[in-house]
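User: I'd like a walk through this structure. Please show me how to read each feature as we go.

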Amino acid sequence: MRRILVTGAASAIAHEAAKHFAADGDSFFLVGRDPDKLAAVADDLRARGAKQVATAVVDLLDLARCSRLIDEAAQELGHLDMLLVAQGTLPDQAQCESNPVLALREFSLNAMGPITLLLRAAAQFESQRSGCLAVITSVAGVRGRRTNYVYGAAKAAVSTFLEGLRGRLREAGVSVVDIRPGFVDTPMTAHLPRKTLFVRPEAVGERIYRAMVAGDDVVYVPWFWRWIALVIQLIPRSIFVKLSI
Ligand SMILES: NC(=O)c1ccc[n+]([C@@H]2O[C@H](COP(=O)([O-])OP(=O)(O)OC[C@H]3O[C@@H](n4cnc5c(N)ncnc54)[C@H](OP(=O)(O)O)[C@@H]3O)[C@@H](O)[C@H]2O)c1
């Protein structure tokens, strides 16, 4: 039985991942900002077989609160085996460009909150010499595109952080999983026109479950984004700067 902390637990993707762990009889400490959504996810996971489900209503922009969550979850569940960080917002790039306070707020939610959680969890998992740290980052972090570089920069920061953390925790037997989805059909992208590359959150959740159980490192979802990301990385800067994507 695994004991799992999920932050941003009402996320469509995180909920789909948690359903698989619940079917294994795992226990959860679910964190989110909306009590009704959180209660609905908790009830669903209990119905699917979760052994224990505790919840905490937290605004994850509160970094001091983020830094206490690992201890709270471990205390509530008796131990902690896994962390899945799923909170995120897709900011309006134009608004961020004219409002630095908003841009930094978005950066904080997408990068500083996750990093705060990771630092606390890393210390705990390193001392217990086991565990899995997983974050949903994004293919948006692969390169700074003019249309969403605030979000992309935050996701890139977390991916870089995860890479270093993976090196630090390797000998302690702690896995560090960087999940990089492409376009997923969730509330976060509800305002975007649906393109052919959109996938359902069910498929992403199932891949996250498998990656966390196996202790994978960097996982593109679906798999073909690994190759799209590679091509994007190979575009010369002189050409990339002229693209309107
Ligand atoms: N959808 C995509 O195309 C896509 C692609 C790549 C990566 N991702 C990443 O996947 C993760 C999950 O997103 P999703 O697609 O499942 O969208 P989602 O259903 O909108 O989930 C995002 C979650 O973040 C929570 N959140 C936002 N601000 C918060 C705050 N201040 N405090 C606490 N929780 C907060 C939201 O809470 P509320 O429910 O209260 O709003 C929501 O539960 C995000 O990190 C996102 O960046 C998504």
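Analyst: Start with the ligand shell. The model is predicted. In it, α1 (12-23) and α6 (149-169) each supply at least two residues of the shell around the ligand.

User: How many residues surround the ligand, and which are the closest?

Analyst: The ligand is surrounded by 29 residues. Lys37, Asp59, Tyr151, Val184 and Thr186 are the closest.

User: How do the shell residues divide into nonpolar, polar and charged?

Analyst: There are 15 nonpolar residues in the shell, nine polar and five charged.

User: Where do I look for polar contacts with the ligand?

Analyst: Look for N or O pairs within 3.5 Å. Check both side chains and backbone. Lysine 37 places a polar side-chain atom 2.7 Å from a ligand oxygen. Valine 184 uses a polar backbone atom instead, at 2.7 Å from an oxygen of the ligand. For glycine 88, a backbone N or O atom lies 3.3 Å from a ligand oxygen.

User: How much of the ligand's accessible area does the protein cover?

Analyst: Compare the ligand on its own with the ligand in place. On its own, the ligand has 890 Å² of accessible area, and the protein covers 93% of that.

User: One of the closest residues was Thr186. Is threonine 186 buried or exposed?

Analyst: Use relative accessibility. Buried means under 20%. Threonine 186 has 10% relative accessibility, so it counts as buried. This residue sits in the loop between β6 (175-181) and α7 (201-214).

User: Which residues does threonine 186 touch?

Analyst: Skip the sequence neighbours up to four places away. Then threonine 186 touches Ala12, Ile13, Arg194 and Pro201. Compare sequence and space too. Tyrosine 209 is 23 residues from threonine 186 in sequence, and the C-alpha atoms of the two are 18 Å apart.

User: What does another buried threonine look like?

Analyst: Take threonine 7. It lies in strand β1 (residues 3-7). Its relative accessible area is 0%, so threonine 7 is buried. Beyond four places in sequence, threonine 7 touches a list of residues that includes Val31, Leu60, Leu69, Val85 and Leu117. Gln87 is also among the residues touched. With glutamine 87, threonine 7 shares a side-chain polar contact of 2.7 Å.

User: Which side chain pairs with arginine 65 in a polar contact?

Analyst: First place the residue. Arginine 65 is part of helix α3 (residues 63-77). Its side chain meets that of glutamate 72 in a polar contact of 2.5 Å. Apart from residues up to four places away in sequence, arginine 65 touches Ala56, Val58 and Glu72.

User: Now the whole fold. How many helices and strands does the protein have?

Analyst: Count nine helices and seven strands. Next, test compactness. The radius of gyration is 17 Å, close to the 18 Å that the globule rule gives for 245 residues, so the protein is as compact as a globular protein of that length. For extent, the C-alpha trace spans about 55 × 40 × 35 Å along its principal axes.

User: And how do I read burial and contacts for the protein overall?

Analyst: Read burial as a share of residues. Here 50% of the 245 residues count as buried. For contacts, sort by sequence separation. Among contacts with a separation of 6 or more, 72% come from residues 24 or more positions apart. Finish with the surface. The protein's accessible surface is about 11,600 Å², and 55% of it belongs to carbon and sulfur atoms.

Conventions
Residues are numbered from 1 along each chain as its sequence is written. This is a predicted model: local features need pLDDT of at least 70, side-chain atom pairs count only at pLDDT 80 or more; totals for chains, interfaces and linings use all residues. Side-chain values use heavy atoms; hydrogens and water are left out. A residue is near a molecule or strand if one of its heavy atoms lies within 4 Å of it. A polar contact is a pair of N or O atoms within 3.5 Å; within protein, one must be able to donate a hydrogen and the other to accept it, and residues adjacent in sequence count only if both atoms are side-chain atoms. Accessible areas come from the Shrake-Rupley method with a 1.4 Å probe; for residues, only the protein chains shown count as cover. Helices (H or I, at least four residues) and strands (E, at least two) are DSSP runs, numbered from the N terminus. Ala, Val, Leu, Ile, Met, Phe, Trp, Tyr, Cys and Pro count as nonpolar, Asp, Glu, Lys and Arg as charged, and the others, Gly among them, as polar. The radius of gyration is taken over C-alpha atoms; the globule rule is 2.2 Å times the number of residues to the power 0.38. Buried means under 20% relative accessible area, exposed over 50%, partly exposed in between (1.4 Å probe, protein chains only). Contact means heavy atoms within 4.5 Å.
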